[in-house]
Amino acid sequence: MAAAVKVYGMPLSSCTARVLTCLIEKGVEYELITLNLAVGEHKQPSFLAKQPFGQIPVLEDGDLTLFESRAIAKYVAYKYKDQGTDLLRHENPKESAVVVVWTEVESQQYNPPISSLVYELLIKGMYGMTTDQAVVDAQSEKLGKVLDVYEARLTENKYLAGNFYSLADQNHIPYTYFLMKTPAASLINSRPHVKAWWEDISSRPSFQKVLANANA
């Protein structure tokens, strides 16, 4: 029997991995339909009908079609709130509100510099392009300032929203995984509480399963 939930994407694209990690964390069966971006499958009319911007991932759940990985993850966490890890702290309004705050921090403060660094230090090299060191320096400074805030936060709490793992932590995993493959990993490793947090969240079985499936 086919899984009711279908995900269109690539196993280790950062945004697809964000969705897959959430599905596994919540114990949701899914089918991954891998798209070949190199030949432009994400720009074909059949896919653009699902995602008008031609980006991955897309989730189909019955007659519902969603795009934008953070929105998908939040939907999955809410729909399946009574199974798997409670990623939204839905029974505690105060804790839930703090989760929302830190998911916004990831999206608005953390993601812009880290995604730029991963592009410059990792993606460009894969396509034979030259790294722009000025961009690397500027974005490293920006991310460092964000991580200083994280270091202070994680001195007081095990996780970003409190002493519980949540969607706020989980949304950080894919891009940080790729950052750790670059010299900019020092931004994480030089901050002991951030480093400990990263080692904790990246070792969770959900993300490890995403990695194992991608390398199978």
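Select arginine 89 to start: this residue sits in the loop between α3 and α4 (93–126). Helices here are DSSP runs of H or I with at least four residues, strands are E runs of at least two, and both are numbered from the N terminus. The model is predicted, so local features need pLDDT of at least 70 and side-chain atom pairs count only at pLDDT 80 or more, while totals for chains, interfaces and linings use all residues. Residues are numbered from 1 along each chain as its sequence is written, and side-chain values use heavy atoms, with hydrogens and water left out.

**Arginine 89**

Look at the backbone of arginine 89: phi is positive, about 50°, although the residue is not a glycine. Arginine 89 counts as partly exposed because its relative accessibility is 23%. The cut-offs, for protein chains only and a 1.4 Å probe, are under 20% relative accessible area for buried, over 50% for exposed, and partly exposed in between. Now display the surroundings of arginine 89. Not counting residues up to four places away in sequence, arginine 89 touches Glu95, Ser96, Val99 and Phe164; contact means heavy atoms within 4.5 Å. Add leucine 167, which is 78 residues from arginine 89 in sequence and 9.3 Å from it in space, C-alpha to C-alpha.

**Glutamate 68**

Go next to the loop between β4 (64–67) and α3 (69–79), where glutamate 68 lies. Glutamate 68 is not a glycine, yet has a positive phi of about 80°. At 43% relative accessibility, glutamate 68 counts as partly exposed.

**Proline 57 and threonine 16**

Select isoleucine 56 and proline 57, which are joined by a cis peptide bond with omega of about 5°. Proline 57 is in the loop between α2 (45–48) and β3 (58–61).

From there, select threonine 16, which is in helix α1. Leaving aside neighbours within four places in sequence, threonine 16 is in contact with Ile56 and Pro57, and also with Val7, Gly9, Met10 and Leu32. The relative accessibility of threonine 16 is 0%, so the residue counts as buried.

**Helix α1**

Extend the selection to the whole of α1, residues 14–25. The helix has 12 residues and reaches 16 Å from its first C-alpha to its last, close to the 16 Å expected at 1.5 Å a residue. The expected span is 1.5 Å times one less than the number of residues. Helix α1 is mostly covered, with 11 of its 12 residues buried. Among the buried residues are Ser14, Arg18, Val19, Cys22 and Leu23. Glycine 27 follows α1 and has a positive phi, near 70°.

**Helix α10 against α1**

Add helix α10 (residues 205–214); its axis and that of α1 come within 8 Å and cross at roughly 125°. Axes are lines fitted to C-alpha atoms, for helices over the stretch in contact, and angles run from 0 to 180 degrees between N-to-C directions. The two helices, α1 and α10, are therefore oblique to each other. Angles under 35 degrees count as roughly parallel, over 145 as roughly antiparallel, 65 to 115 as roughly perpendicular, and the rest as oblique.

Show the side chains at the contact: Ala17, Leu20, Thr21, Ile24 and Glu25 in α1 meet Ser206, Phe207, Lys209 and Val210 in α10. By class, the contact of α1 with α10 has 5 nonpolar, 2 polar and 2 charged residues. Ala, Val, Leu, Ile, Met, Phe, Trp, Tyr, Cys and Pro count as nonpolar, Asp, Glu, Lys and Arg as charged, and the others, Gly among them, as polar.

Stay on α10 and pick alanine 212, which lies in this helix. Alanine 212 counts as partly exposed, at 46% relative accessibility. Threonine 155 is 57 residues from alanine 212 in sequence and 31 Å from it in space, C-alpha to C-alpha.

**Helix α5 and its neighbours**

Finish with helix α5 (residues 133–156): its 24 residues should span 34 Å at 1.5 Å a residue, and the end C-alpha atoms are 35 Å apart, which agrees. Buried residues of α5 include Val136, Gln139, Ser140, Leu143 and Gly144. The buried residues of α5 pack against α4, α7 (173–179), α8 (186–189) and α9 (192–202).

Keep α5 and α9 in view: they pack at an angle of about 80°, with their axes 8 Å apart. The contact is made by Leu147, Tyr150, Glu151, Leu154 and Thr155 of α5 and Pro192, His193, Val194 and Trp197 of α9. By class, the contact of α5 with α9 has 6 nonpolar, 2 polar and 1 charged residues.
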